[in-house]
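Hello,

Here is the structure I promised to pass on to you. Have a look at it first, and then read on for what turned up.

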Amino acid sequence: MRIAAADVVVTSPTRNFVTLKLTTDDGVTGLGDATLNGRELAVAAYLREHVAALLIGRDPARIEDTWQYLYRGAYWRRGPVTMAAIAAVDMALWDIKGKVCGVPVYQLLGGASREGLLAYGHASGTSFESLGESINMHLEKGYRAIRVQSSIPGVHAVYGVAAQAQASGERYDYEPAGRGAAPAQEDWDSAAYLRHVPKVFDYVRREFGPELPLLHDAHHRLRPIEAAKLGKSLEPHNLFWLEDCTPAESQQALRLVRQHTVTPLAIGEVFNTVWDFQQLISEQLIDYVRAASTHFGGITPLRKLMDFAAQYQIRSGFHGPTDVSPVGLAAQLHLGLAIHNFGIQEYMPHSEQTDVVFRQSMSFTDGMLHPGETPGLGVTLDEEAAARYPYQPAYLPISRLKDGTMHDW
Ligand code: CS2
Ligand code: MG
């Protein structure tokens with residue numbers, strides 16, 4: 001069997017997705033997610049212009065060798081664009097191997113280690129009342145763990161609050177990348193945030209009790225000492241995790257946070273190789289790995305990362321927003337089902353239009369996810385439907401402080 005074709009499909013049902021489709025000379029196809037929110041066409045070009053031709057004629061069964069060929073062979077290694085492109089090839093090859101073997105990919109990764117994957121959903125609100133309604137909506141949908149994000153008094157547009165979608169009861173699909181020729185600008189005030197977030201969790205614990213697993217995403221916005229302060233202030237509420245509490249390019253910054261708080265820490269959705277995690281894991285500076293197969297080079301390296309993390313009792317919390325496509329989410333579900341050190345899986349349901357373009361065998365039942373039993377990853381791409389949604393430029397917002405200083409969004 002040989003790879004006979006490598007096609008890149010860019011489609012935009014409510015948001016942009018980049019998908020690689022590999023086809024073998026036997027007609028077996030495999031899909032890979034190459035979506036990089038706000039920079040999608042860079043990955044599409046990397047695949048179309050520099051990788052596709054190299055794959056033609058290769059043995060699709062040689063997944064590890066193909067990964068090494070694309071990683072080491074590029075010379076210019078690492079980075080989100082390169083690793084998203086390699087990820088798409090890797091996922092597509094696992095998809096093909098599953099189909100050829102007639103089994104879902106998780107069976108190739110050691111089989112199921114659990115019946116299903118605990119999911120968490122995204123609740124948010126512009127007031128305690130609307131936040132409570134959002135949490136109740138997610139509990140009614142079966143979620144057993146909830147991420148809590150809130151507006152901040154004095155901050156006009158803040159990450160993670162899709163109040164308009166919540167209020168109207170629409171399907172919750174908070175896609176932060178706004179369509180348009182330039183990023184939207186949001187504002188930020190760390191002091192106001194640090195004053196308000198403890199009050200939010202005071203309210204949530206009063207209303208929903210001490211046992212509901214709660215998560216919060218600080219989204220890279222705090223300095224290490226501020227992150228330490230927030231972690232400490234939230235300790236009475238026993239969070240499942242505090243995510244991206246401080247930018248972690250400086251992995252040692254988490255030493256300072258760790259010294260001050262026992263609130264569990266989750267980091268890594270913007271990381272793309274094991275080196276980004278090396279100190280965080282070996283010094284036990286985090287509790288959960290937030291990587292997504294789509295941005296981390298695929299299933300192959302993410303499985304290796306989780307084996308490394310397992311030596312330090314660190315568990316998975318794979319990234320699963322709507323900008324990880326159904327193909328990327330499926331890859332996370334197969335890996336998450338198989339590894340021993342699974343923690344939790346983020347789950348933001350995609351839009352109805354997306355579900356038309358990507359037919360999926362995954363299920364979400366009673367708060368648990370499962371990739372399904374379809375051979376391969378369990379996702380098919382309807383290319384006619386995909387063609388009905390052409391790419392539209394879209395950018396993630398930027399964030400500035402009140403004096404105009406650029407900040408982390
Ligand atoms: C967020 C993401 O889900 C999360 O934890 O950090 O939604 C993130 O904002 C997006 O993936 C950015 O494209
Ligand atoms: Mg996040």
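Which residue in S20 does Ser-399 stand opposite? Before the answer, please keep in mind that this is a predicted model. The partner of Ser-399 is His-407.

That pair belongs to a small piece of sheet, so let me start there, citing the general rule: strands of a sheet pair through backbone hydrogen bonds, in either a parallel or an antiparallel sense. Strand S19, which covers residues 398-401, pairs with S20 in the antiparallel sense, and 2 bridges join them. The sheet as a whole is open and has 3 strands, ordered S7-S19-S20, with mixed pairing. Its edges are strand S7 (185-188) and strand S20 (406-407), each of which pairs on one side only.

Now to the ligand, which may interest you more. Ligand 1 sits in the largest pocket. Around ligand 1 there are 15 residues, and the closest are Asn-37, His-219, Glu-269, Arg-290 and Glu-346. Sorted by class, this shell holds 7 charged, 4 polar and 4 nonpolar residues.

Three polar contacts are worth a look in your viewer, each between an oxygen atom of ligand 1 and a side-chain N or O atom:

- Arg-290, at 2.8 Å
- Glu-243, at 2.9 Å
- His-319, at 3.3 Å

As for how covered the ligand is, ligand 1 on its own has 340 Å² of accessible area, and the protein covers 95% of that.

Happy browsing, and do write back with any questions.

Best wishes

Technical notes. Residues are numbered from 1 along each chain as its sequence is written. Chains are lettered from A and ligands numbered from 1 in the order in which they are written. This is a predicted model: local features need pLDDT of at least 70, side-chain atom pairs count only at pLDDT 80 or more; totals for chains, interfaces and linings use all residues. Side-chain values use heavy atoms; hydrogens and water are left out. A residue is near a molecule or strand if one of its heavy atoms lies within 4 Å of it. A polar contact is a pair of N or O atoms within 3.5 Å; within protein, one must be able to donate a hydrogen and the other to accept it, and residues adjacent in sequence count only if both atoms are side-chain atoms. Accessible areas come from the Shrake-Rupley method with a 1.4 Å probe; for residues, only the protein chains shown count as cover. On a 1 Å grid over the protein atoms alone, a cavity is a set of points where a 1.4 Å probe fits but cannot get out, and a pocket is an open set with protein on both sides within 12 Å along at least five of seven lines; lining residues have an atom within 4 Å of a point. A molecule sits in a cavity or pocket if more than half of its atoms lie within 2 Å of its grid points. Ala, Val, Leu, Ile, Met, Phe, Trp, Tyr, Cys and Pro count as nonpolar, Asp, Glu, Lys and Arg as charged, and the others, Gly among them, as polar. Two strands pair if DSSP finds at least two bridges between them. Helices (H or I, at least four residues) and strands (E, at least two) are DSSP runs, numbered from the N terminus.
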